[in-house]
Each structure stands twice: as C-alpha cells, then as structure tokens.
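Let's work through a few charged side chains together. Keep the model open beside you and try each task before reading its solution.

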Amino acid sequence: IIPKQIGKLSKLKKLHLSFNEIKKIPKQIGNLLDLEKLRISHNEIDNLPREIGNLVNLRILDLSKNRIEILPMEIGNLTNLKVLDLYKNNIEQIPIEIGNLFNLVELCLRDNII
C-alpha cells in the first residue's frame with residue numbers, strides 16, 4: 001500500500017515502486033508536482049487516479065506489467081512526458097488526449113488487449 005502521506009513529499013523528483021504488489025495508487029500522488037520519474041511496474045494496479053494528470057513535470061512513466069484497463073483522459077496533461085511504458089496491461093483503448101503528449105519519444109503498448 002502506498003500511504004496517502006506520499007502527497008506531502010512535494011520536492012520528490014524520482015519515485016520507484018516496482019515489484020511491491022501494489023494494488024492502488026492514492027490520488028494524493030497528484031500532489032508531487034516536481035516528480036520527473038515514476039516507475040510502478042510489476043504490481044497489481046488496475047486503474048490510475050485522475051490526479052495523475054497533475055504531474056506535469058513527469059518525463060518517464062513506467063506502468064508496465066500491471067492490470068490497468070483504462071487510462072484516464074487526464075493522461076493528456078502530461079505534456080513533458082518522453083517515455084510512457086504500458087507494456088503488458090489489459091488496456092483496451094487509448095484516450096484521444098494522448099495526442100497532447102507532444103514530447104513523447106517512446107510509447108510501449110505491447111501485450112495489451114488493443
């Protein structure tokens with residue numbers, strides 16, 4: 001479990017939470033406005049909070065090997081994102097807002113339902 005208090009780490013730049021059997025990301029993650037790298041791969045996450053869209057300084061978002069089915073449309077707010085790794089999830093469709101990610105240089109959607 002990621003504690004809600006994580007949202008108080010306002011100066012955090014990198015957060016690595018891979019391989020922890022995490023099932024849910026608290027909405028307070030959206031308070032980490034300085035976050036540049038977020039790696040939460042190899043867990044049991046099935047959805048993302050809309051507040052993920054607040055992480056406008058994020059450059060790398062690794063959500064590979066989870067159980068995510070739907071991406072929130074707020075993902076399109078991550079305009080500084082360069083890498084979005086969604087490998088091996090259960091994603092059926094990508095929101096149209098992904099077209100707002102003008103700085104994206106790597107998008108991995110391999111092994112999804114798409």
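**Exercise 1.** Work out whether Lys-13 is buried, partly exposed or exposed.

*Solution.* Start with the cut-offs: buried means under 20% relative accessible area, exposed over 50%, and partly exposed in between (1.4 Å probe, protein chains only). Lys-13 has a relative accessible area of 41%, so Lys-13 is partly exposed.

A word on the source: this is a predicted model, where local features need pLDDT of at least 70, side-chain atom pairs count only at pLDDT 80 or more, and totals for chains, interfaces and linings use all residues. Residues are numbered from 1 along each chain as its sequence is written, and side-chain values use heavy atoms, leaving out hydrogens and water.

**Exercise 2.** Find the salt-bridge partner of Lys-13 and say which parts the pair ties together.

*Solution.* First, the criterion: a side-chain nitrogen of Lys or Arg within 4 Å of a carboxyl oxygen of Asp or Glu. Lys-13 meets this with Glu-36, their closest N and O atoms being 3.8 Å apart. Next, place them: Lys-13 is in the segment before strand E1 (14-16) and Glu-36 in the loop between E1 and E2, so the pair ties together parts 23 residues apart in sequence. Strands here are DSSP runs (E, at least two residues), numbered from the N terminus.

**Exercise 3.** Extend the picture from Glu-36 to a network.

*Solution.* Glu-36 also forms a salt bridge with Arg-59, with the closest N and O atoms 3.6 Å apart. Shared partners thus join Lys-13, Glu-36 and Arg-59 into one network. As for exposure, Arg-59 is partly exposed at 40%, and Glu-36 is partly exposed at 21% relative accessibility.

Definitions and conventions:
Helices (H or I, at least four residues) and strands (E, at least two) are DSSP runs, numbered from the N terminus.
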